[in-house]
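Work through the exercises below with the structure open beside the text. Each task is followed by a solution in steps.

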2 protein chains.
Amino acid sequence: MGDKGMKTREEIQQEILEILRGRKSPKIMRDELDEYHAGDLAAALDQITIEERERFYRLESDEDLAEVLEHCDEADKYLEEMSLHRAASVLAKMEPDVAVDLMKETDSVKKKEWLELMDAESRSRLQSLASFDEDLIASRMTTNFVWLYSNMTVREGMKSLVEQAEEHDNISVLYVLDPQGVFYGAINLKDLIIARRDTELSDIIMTQFPYVYADERIEDCIWIIRDYSEESIPVLSSDNHILGAITSQEIAEVVGDEMGEDYAKLAGLSAEEDLNEPLQQSVKKRLPWLILLLGLGMVVSTVVGLFEGVVARLTIVMAFQSLILDMAGNVGTQSLAVTIRALMDDQLTPKQKLKLILKEVNVGTLNGAVLGVLAFVGVGVYIAFFKGMPIHYGFAISGCIGISLVVAMLISSLVGTAVPIFFKHIHVDPAAASGPLITTITDLVGVVTYYGLAWLLLLEFMHL
Amino acid sequence: MGDKGMKTREEIQQEILEILRGRKSPKIMRDELDEYHAGDLAAALDQITIEERERFYRLESDEDLAEVLEHCDEADKYLEEMSLHRAASVLAKMEPDVAVDLMKETDSVKKKEWLELMDAESRSRLQSLASFDEDLIASRMTTNFVWLYSNMTVREGMKSLVEQAEEHDNISVLYVLDPQGVFYGAINLKDLIIARRDTELSDIIMTQFPYVYADERIEDCIWIIRDYSEESIPVLSSDNHILGAITSQEIAEVVGDEMGEDYAKLAGLSAEEDLNEPLQQSVKKRLPWLILLLGLGMVVSTVVGLFEGVVARLTIVMAFQSLILDMAGNVGTQSLAVTIRALMDDQLTPKQKLKLILKEVNVGTLNGAVLGVLAFVGVGVYIAFFKGMPIHYGFAISGCIGISLVVAMLISSLVGTAVPIFFKHIHVDPAAASGPLITTITDLVGVVTYYGLAWLLLLEFMHL
């Protein structure tokens, strides 16, 4: 291991807590804390008391504290623990996009006070970032980027980079403007570094570098710009000047948010929930969906009620209703999840959509056939031998169940695929809208097939 | 707009297709294609015929083709369209981690042939990367990183960087080794650029830079290293030498995969499915889960069968069984989704887990109370007025339904939260294991509560 022992993350946490809880002089403590990564200090903040955190705030400079808070999940809470003045100074030093996100989570009175206490430059930067609608890509951009002019030499470019890098550390990609300030292209820092000092910058400019416009909607452009896999992508105003940059980390986060939200909607949550969200808010978020489902459930119950006559004459069939409905629901959910995932990620052509539907129906039918046979044998044996009924009686009922399973699974996979594609087509969010409709349809199909078949086959035909 | 018109992404695609389908000389076509971003060329590959793609392969150099394929979703398909020799040379030029991923998707005969046709250095690099188990973080690392020695000056460091940058372009963070080759820390390229040339490198080294060991499991370390938000994090051997690096893009991708997989499992898919996956494979992936659910569904049916007597005497109650079971299932799924999301992202303390369970139970009970009242009134009115039965009769039944809803939703939210926490605790994948168990438990609770209450209240007590 050499003479330098490597510490585990737990040991690092322990050391930080010991320093913060120790009795050394502020100067020594500060120097000692300086040795740790901001991410480790952020993790330690979660584990200490508010008094210990206040001590930490006093020790750190605005810059260092800003960097630590950028790594904190609960940075909004910590900012509110500070004085108004201090919070405003720290916010001004944070990455602008992170600061804007934090201020969105704070009540508007406090937000206003913070902005008033900031220097004019920081205030106007944050306000202009915050002015973009949350749906727009510009709301996720940072002003942390470096730009050069296209007519510079490599030496001049390097000099300009060194000057700007003090303030702006997103330097993997450097943006290039033409002399009128219009976006011209980009340079990989790597190419600038290995270029000869006396050549022209124009030799290493990538003029076909991707970009987005500030007013593009996130969901319309995020999957596309992700596929370029650049370290950052410039955000342009409508007259092609650079307003900011979307970093690859931000892109990954936005993609994750979009995916997480879609999946949360699938599970009947109207948006992703936070562990720390108040009870009342969670209730409010989920209730409308549940009331809708209750209403749709009533519709299903009314239809089931139509078959009361069948159940009255042959009570045993009702024991297997839940089996048919559960299986149809499960298959519908599987197809729905696959379809939502496919709709999320790709721009599907009509041909691909048809292919997806056909494939899901085939999968559903094949699986339905296997399960139908299993149910036919299993339920038949169960009724005939464990319930002690005649064999032909048991297998007539289990035959109904087997056939109903195949039909219900076929239709459920069709519905589970076609419904979200339809919603996407009419520009309604497929993840949110599909769930209740699909449950209802699969329930109805299952009930009508099963009891209809039982009535036809068992009562009308076999006169059981 | 200045004299440079900005093109939309669609226009760029159109231009590329025109070049590829045109009749210009290879030299001219190649120069024209050189003007486009690899991501745009990759998108164009999807839209052209195999003959046009073969033309494209002949035009591009190995390096350029490798870069384009790194942006393709279907790179494995394109590699198989090339000759064995060409595919091997292109693979050798790709980012090693991407190349390894691609080779995993190819059958082993072809993979072996490709490796044999490569230069020895590329082969051994890819083979050593591929040797790590897919669960381990090392399987996601790249060998694209730059390292310096801790005893260099800034000038020497810069010189070494320029030499290495030709080959390795992940340069936002530079790793530092002590003279024995042991990992010592890291330098932000920004700090190297703005440092004075004649100072010591040691002044700008971050010695508490995070790292992972090659044999750490992805799911154990990915959420932690994500929180450091560094551009890249070194992967160390057990004797603290650097084996490779995990880039922030790779981290984001791994996090996305983990999340996507967990959500897919929730929907009853054993793993995320690909749009282009063969039918047979999709059937095989989903069937085991469905057979398990069928078995569990049989258990529920057996229990429902125990209440045949109740239904025989009071057939109308069976019409509302689906309502209770569906609502219990919905609430269970909501709690499950929230819990899986919480378990995924955080290292929860026992106290936080208890808090989560209590909160979910409260949300479930409150929502249950609202729905119970709605159902009591709604179903009561429906039975009394639309089915034309006595009022006390209607509201006795709807009372059973209301109470059952509250009880079933309370228990479902408890089960939906506690079951995944329990599975996580005993180190069983909570996303995969929870679904079927929760459906079964909520079904059983719903059935027993509803029919039990109907028997007790309606038959035993009210003698309906």
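**Exercise 1.** What rotation and what shift along its axis superpose chain A on chain B?

*Solution.* This is a predicted model, in which local features need pLDDT of at least 70 and side-chain atom pairs count only at pLDDT 80 or more, while totals for chains, interfaces and linings use all residues. Residues are numbered from 1 along each chain as its sequence is written, chains are lettered from A and ligands numbered from 1 in the order in which they are written, and side-chain values use heavy atoms, with hydrogens and water left out.

Step 1. Two copies of a chain are related by a rotation about an axis and a shift along it.
Step 2. Chain A falls on chain B after a rotation of 180° with 0.0 Å of shift along the axis, at an RMSD of 0.2 Å (least squares on the C-alpha atoms of residues with pLDDT of at least 70 in both copies).
Step 3. This is the relation of a two-fold axis.
Step 4. Both copies use the same surface: 99% of the contact residues of chain A recur in chain B (contact means heavy atoms within 4.5 Å).

**Exercise 2.** Describe the interface of chain A and chain B by residues, area and polar links.

*Solution.*
Step 1. Chain A gives 125 residues to the contact and chain B gives 125 residues.
Step 2. The two chains bury about 10600 Å² between them, with 61% of it on carbon and sulfur atoms (accessible area, 1.4 Å probe, lost on being put together and summed over both parts).
Step 3. Zero salt bridges are found across this interface (a side-chain nitrogen of Lys or Arg within 4 Å of a carboxyl oxygen of Asp or Glu).
Step 4. On the side of chain A that touches chain B, the largest share, 17 residues, comes from helix 15 (residues 279-306) of chain A (helices are DSSP runs of H or I, at least four residues, numbered from the N terminus).

**Exercise 3.** How are the rings of Trp147(A) and Tyr149(A) arranged?

*Solution.*
Step 1. The whole structure holds 20 aromatic pairs over all chains (ring centres of Phe, Tyr and the six-membered ring of Trp within 6.5 Å; planes under 30 degrees apart are stacked, over 60 edge-to-face, the rest tilted).
Step 2. Trp147(A) and Tyr149(A) are one such pair, edge-to-face, at 5.2 Å centre to centre and 75° between the planes.
Step 3. In chain B, the centres of Trp147(B) and Tyr149(B) are 5.2 Å apart and their planes stand at 75°, so this pair is edge-to-face.
Step 4. Trp147(A) is partly exposed at 31% relative accessible area, and Tyr149(A) is partly exposed at 30% (buried is under 20%, exposed over 50%, partly exposed in between; 1.4 Å probe, protein chains only).

Notes:
Helices (H or I, at least four residues) and strands (E, at least two) are DSSP runs, numbered from the N terminus.
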